[in-house]
Amino acid sequence: MFSWTESCMYWEKRFPRLISNEPLQELMWKGCPLVGLCDITCDIGDSLESVNQTTSIDSHFFRFSYSVT
């Protein structure tokens, strides 16, 4: 199964995030098959809180993982 969330929107701090780190971690603990988050705008820490770095044309994605132990 392949699941993802894609964010392609303008976002401001006065609005709720699409997904923050705590609910994302809870989903992973519950075994959610979410395998991809995509933020076209690539705004660090905005609508997708886990986006913590930018990308480039040569390096167009990065891996982010919570350790589930």
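**Order of elements.** I read the secondary structure first: from the N terminus on, the protein chain runs β-α-β. That makes one helix and two strands in the protein chain. I note here that the model is predicted.

**Whole chain.** I looked up burial next and found that 22% of the 69 residues of the protein chain count as buried. The accessible surface comes to about 5,400 Å². Carbon and sulfur atoms account for 56% of that surface. For contacts I took residues at least 6 apart in sequence; 61% of these contacts join residues at least 24 apart.

**Salt bridges.** How many salt bridges does a search of the whole structure find? I got two.

I took the pair of arginine 14 and glutamate 12 to begin with. Their side chains meet in a salt bridge at 2.5 Å, N to O. I checked the exposure of each partner. Arginine 14 is exposed, at 63% relative accessible area, while glutamate 12 is partly exposed at 25% relative accessibility.

I then went to glutamate 49 and arginine 17, whose side chains form a salt bridge at 3.8 Å, N to O. Where do the two partners of this pair lie? I placed glutamate 49 in the segment after β2 and arginine 17 in the loop between β1 (3–7) and α1 (21–29), so the salt bridge ties together parts that are 32 residues apart in sequence. Both ends have intermediate accessibility values on record here: glutamate 49 is partly exposed at 27%, and arginine 17 is partly exposed at 32%.

**Aspartate 46.** I turned to aspartate 46, which lies in the segment after β2 (34–39). Is aspartate 46 buried or exposed? I found it buried, and without a salt bridge. Which side chain of opposite charge is nearest to aspartate 46? I found lysine 13, at 4.2 Å. Why does that pair not count as a salt bridge? The cut-off is 4 Å between a side-chain nitrogen of Lys or Arg and a carboxyl oxygen of Asp or Glu, and lysine 13 is 4.2 Å away.

I also listed the contacts of aspartate 46, leaving aside neighbours within four places in sequence. Aspartate 46 is in contact with Trp11, Lys13 and Arg17. Arg17 is thus entered twice in my notes: as a contact of aspartate 46, and as the salt-bridge partner of glutamate 49. Lys13 also appears as a contact of aspartate 46, besides being the nearest side chain of opposite charge.

Note on methods: Residues numbered from 1 in each chain as written. Predicted model: local features only at pLDDT ≥ 70, side-chain atom pairs only at ≥ 80, totals over all residues. Heavy atoms only, no water. Helix = DSSP H or I, 4+ residues; strand = E, 2+ residues; numbered from the N terminus. Buried < 20%, exposed > 50% of the residue type's maximum accessible area, 1.4 Å probe, protein only. Lys, Arg positive; Asp, Glu negative; His and termini not counted. Contact = heavy atoms within 4.5 Å. Areas by Shrake-Rupley, 256 points an atom, 1.4 Å probe, with all protein chains shown as cover.
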